[in-house]
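The following paragraphs walk through how helices and strands are arranged in a single model, and they are best read with the coordinates open alongside.

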Amino acid sequence: MTAPVSFKPELIAALRDARLIAALTGAGISAESGIATFRDAQDGLWARFDPRELATPEAFARNPKRVWDWYAWRRERVAAARPNPGHYALAELEGRASEFALITQNVDGLHQRAGSRNVIELHGNIARVKCSREGTCVERWETRGEEVPRCPSCGALLRPDVVWFEELLPADALAKAEDAARRCDVLLVVGTSAEVYPAAALPSAASAAGAIVVEVNPNSTPLSHSADYLFSGAAGVVLPALLERLRV
Ligand code: APR
């Protein structure tokens, strides 16, 4: 049986008194929903697939069908998944906090499905599709046989509305995330390897602005040595326990 998670009274007080609580999440928070992470050595997506063949603009230019099909496969898995107690705990925390911002690197939309409202999607959303030329999102598209669907207005190929390697993050989402990191009193960093920038720079920006940084991750990351509080456990266990403690 896993030992119950204990929380220092100072952390609970800081969360209760916070004007703004922010959370930065990564693939780890969706692991308990059956969505593979990226860098897990065994079943991580990048252990099974080559990101240079599937998640760069060049890969799409070289073989759009392959990229389109891979994201369609991931989209089906995400659609079949459900939020887990970690997602629900953050949605509840948003309801308890005077101000809350959820910054996610995830493209699975599970935070929103768990009821989170102020969600900042840094890397896009796999349920959305956009024109590869105009960049505009397309609600409806036709799949003709083996072809990659085309933009109804300009005829260019459609692509998933996610941020690929070597691409810039959406400027407005990044600006909102940096603002939340600078203004927050507590930053919860959950389920990210903290290796991919610019998202991985947010915890040090928050810390430099005086925020308390809390890491929740069963494995250590480059952030672990500098976090103010470290919970080496699963998000779906630690976060519900934290909410239970906050309810007392
Ligand atoms: N609870 C909390 N953390 C977990 C859990 C869990 N149940 N299971 C795994 N983790 C942790 C792992 O220890 C790891 O540190 O989640 C982290 C997942 O790291 P990555 O797979 O690197 O995912 P992420 O940090 O979100 O990747 C960042 O890289 O590939 C790109 O665009 C992609 O958004 C992604 C970005």
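Contact here means heavy atoms within 4.5 Å, and the model to which this is applied is a predicted one.

A convenient place to begin is the sheet, which is open and consists of six strands that pair in parallel in the order β3-β2-β1-β6-β7-β8. Its edges are formed by β3 (119-121) and β8 (229-231), each of which has a single partner strand, so one side of each is left without a neighbour in the sheet. On average, and with direction ignored, neighbouring strands of this sheet are turned by 15 degrees against each other. Within the sheet, β1 (residues 21-25) and β6 (residues 186-190) pair in the parallel sense over five bridges, and isoleucine 21 stands opposite valine 186 in β6.

Two helices can then be placed against these strands. Helix α6 lies across β1, β2 (100-104) and β6, and runs at about 150 degrees to β2, while α10 lies across β6, β7 (212-216) and β8 and runs at about 135 degrees to β7.

The two helices also pack against each other: α6 (residues 85-96) and α10 (residues 235-247) do so at an angle of about 30 degrees, with their axes 7 Å apart. Because angles under 35 degrees count as roughly parallel, α6 is roughly parallel to α10, and the crossing of the two is left-handed. On the α6 side the contact involves Pro85, Gly86, Ala89, Leu90, Glu92, Leu93 and Arg96, which meet Ala235, Gly236, Leu239, Pro240, Leu243, Leu246 and Arg247 in α10. Sorted by class, this contact of α6 with α10 comprises nine nonpolar, two polar and three charged residues.

Definitions and conventions. Residues numbered from 1 in each chain as written. Predicted model: local features only at pLDDT ≥ 70, side-chain atom pairs only at ≥ 80, totals over all residues. Heavy atoms only, no water. Axes fitted to C-alpha atoms, helices over the stretch in contact; angles between N-to-C directions. Helix = DSSP H or I, 4+ residues; strand = E, 2+ residues; numbered from the N terminus. Parallel < 35°, antiparallel > 145°, perpendicular 65-115°, else oblique. Left-handed = near helix turned anticlockwise from the far one by under 90°. Nonpolar A, V, L, I, M, F, W, Y, C, P; charged D, E, K, R; others polar. Pairing = 2+ DSSP bridges.
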